[in-house]
Amino acid sequence: MSRPLVVVNLKTYETAHGASAENLVKAIASVETNARMVVAVSAFDLSAVVNAAPNLEVWCQHLDPVGFGSYTGWLHPSTAVERGASGTLINHAEHKVSIEHVAMLLDAVPEGFTVCACAADIDEARALTALQPDYVAVEPPELIGGDISVTTADPAIVSGTAAAVREISEQVGILCGAGVKNGADVATAIELGTIGVLLASGVTKATNPKEIIEDLVSSL
Ligand code: G3P
């Protein structure tokens, strides 16, 4: 079985950008765990974060399926790879794209580059799974940034996504997110059929993020 995965999305939180992002990723990297720990960072902070925490896996929050050339302002996968990214989120609830964008991105990234496609519900998870990303993360938008974990508020969407993804693919890993805050939420996510979680505010807003990470991975 693959290692459990914990992805911390720094979004554009004030406490998780620029110099604060560097401090936060150092705290995350200092936690000893069997889990696969990943941070998803702003494109601006990618190089700085990779330098600050060289042993941590660093993903982008979004990429565009463009090549070299005339693509002003777009986020080019090859540049992300050159700057140390080993994966990306795509189609996050806060940065939706078309299914064609996801398919083209999967074609554009190199072998071994991890793509986690985000889904708002089970139907979207099914459609994304058919494209064979490495992971599909289900996150009900209305629970994102809230105090109640999806694993408590809507366990059926987590187990339903797990079942739906498995009907289509044995390979695609399943994550859930929205409101995930502690180790008990992570343990429940695994019980419901996922391989881990995608979270943000539980870590980015924490007074002591290292303690939060230690708790998050305590059951893994
Ligand atoms: O990408 C993770 C995210 O959307 C969940 O955010 O703050 O509910 O953990 P949060």
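## A tour from helix H8 outward

Start by selecting Gly 193, which comes after helix H8 and has a positive phi, near 110 degrees; helices here are DSSP runs of H or I with at least four residues, strands are runs of E with at least two, and both are numbered from the N terminus. What you have open is a predicted model, in which local features need pLDDT of at least 70 and side-chain atom pairs count only at pLDDT 80 or more, whereas totals for chains, interfaces and linings use all residues. Residues are numbered from 1 along each chain as its sequence is written, and side-chain values use heavy atoms, with hydrogens and water left out.

**Helix H8**

Now select residues 183-191, which form H8, and colour Gly 183, Asp 185, Val 186 and Ala 189, which are buried (buried is under 20% relative accessible area, exposed is over 50%, and partly exposed lies in between, with a 1.4 Å probe and protein chains only). These four lie on the same side of H8, because they cover an arc of only 160 degrees around the axis, the arc being taken from the directions that run from the helix axis to the C-beta atoms. Add helix H6 (150-153), strand S7 (173-177), S8 and helix H10 (209-216) to the view, as the buried residues of H8 pack against these elements. At the N-terminal end of H8, look for Asn 182, which caps the helix with a side-chain oxygen 3.1 Å from the backbone nitrogen of Ala 184.

**Ala 178 and the cavity**

Move back to Ala 178, in the loop between S7 and H8. This residue is not a glycine, yet its phi is positive, about 110 degrees, whereas most residues other than glycine have a negative phi. Ala 178 counts as buried because its relative accessibility is 4%.

Ala 178 also leads to the cavity, since it is among the lining residues closest to the cavity's centre, together with Lys 11, Gly 179, Leu 199 and Ala 200. A cavity is a set of points, on a 1 Å grid over the protein atoms alone, where a 1.4 Å probe fits but cannot get out, and lining residues have an atom within 4 Å of a point. The search of the whole structure finds one cavity of 30 Å³ or more, and its volume is about 110 Å³, a volume being the space filled by probe spheres set on points that are joined across faces, edges and corners. Strand S8 (196-199) and helix H9 (201-204) each give two or more residues to this lining. By class, the lining holds seven nonpolar, six polar and three charged residues (Ala, Val, Leu, Ile, Met, Phe, Trp, Tyr, Cys and Pro count as nonpolar, Asp, Glu, Lys and Arg as charged, and the others, Gly among them, as polar).

**The pockets**

Turn next to Lys 11, Thr 12, Ser 42, Ala 43 and Gln 61, which lie nearest the centre of the largest pocket, out of 18 residues that line it. A pocket is an open set of grid points with protein on both sides within 12 Å along at least five of seven lines. The volume of the largest pocket is about 380 Å³, and its lining divides into six nonpolar, nine polar and three charged residues.

The second largest pocket, of about 160 Å³, is found by selecting its lining residues, including Arg 3, Ile 28, Arg 36, Met 37 and Glu 57. Helix H1 (18-29) and strand S2 (36-41) each supply two or more of these residues.

**Around Arg 36**

Stay with Glu 57, in strand S3 (residues 57-60). Its side chain makes a polar contact with the side chain of Arg 36 at 2.7 Å (a pair of N or O atoms within 3.5 Å, where within protein one must be able to donate a hydrogen and the other to accept it, and residues adjacent in sequence count only if both atoms are side-chain atoms). The side chain of Arg 36 makes another polar contact, at 3.2 Å, with the side chain of Thr 114. Thr 114 belongs to strand S5 (residues 114-119) and is buried, with a relative accessible area of 7%. Leaving aside neighbours within four places in sequence, Thr 114 is in contact (heavy atoms within 4.5 Å) with residues including Glu 57, Trp 59, Ser 86 and Tyr 135.

**Last stops**

Select Val 165 in helix H7 (residues 155-168), which counts as buried at 0% relative accessibility. Beyond neighbours within four places in sequence, Val 165 is in contact with Thr 129, Val 172 and Ile 174.

Finish at Gln 132, in the loop between helix H5 (122-129) and strand S6 (135-138). Gln 132 has a positive phi of about 60 degrees although it is not a glycine, and it is partly exposed, at a relative accessible area of 40%.
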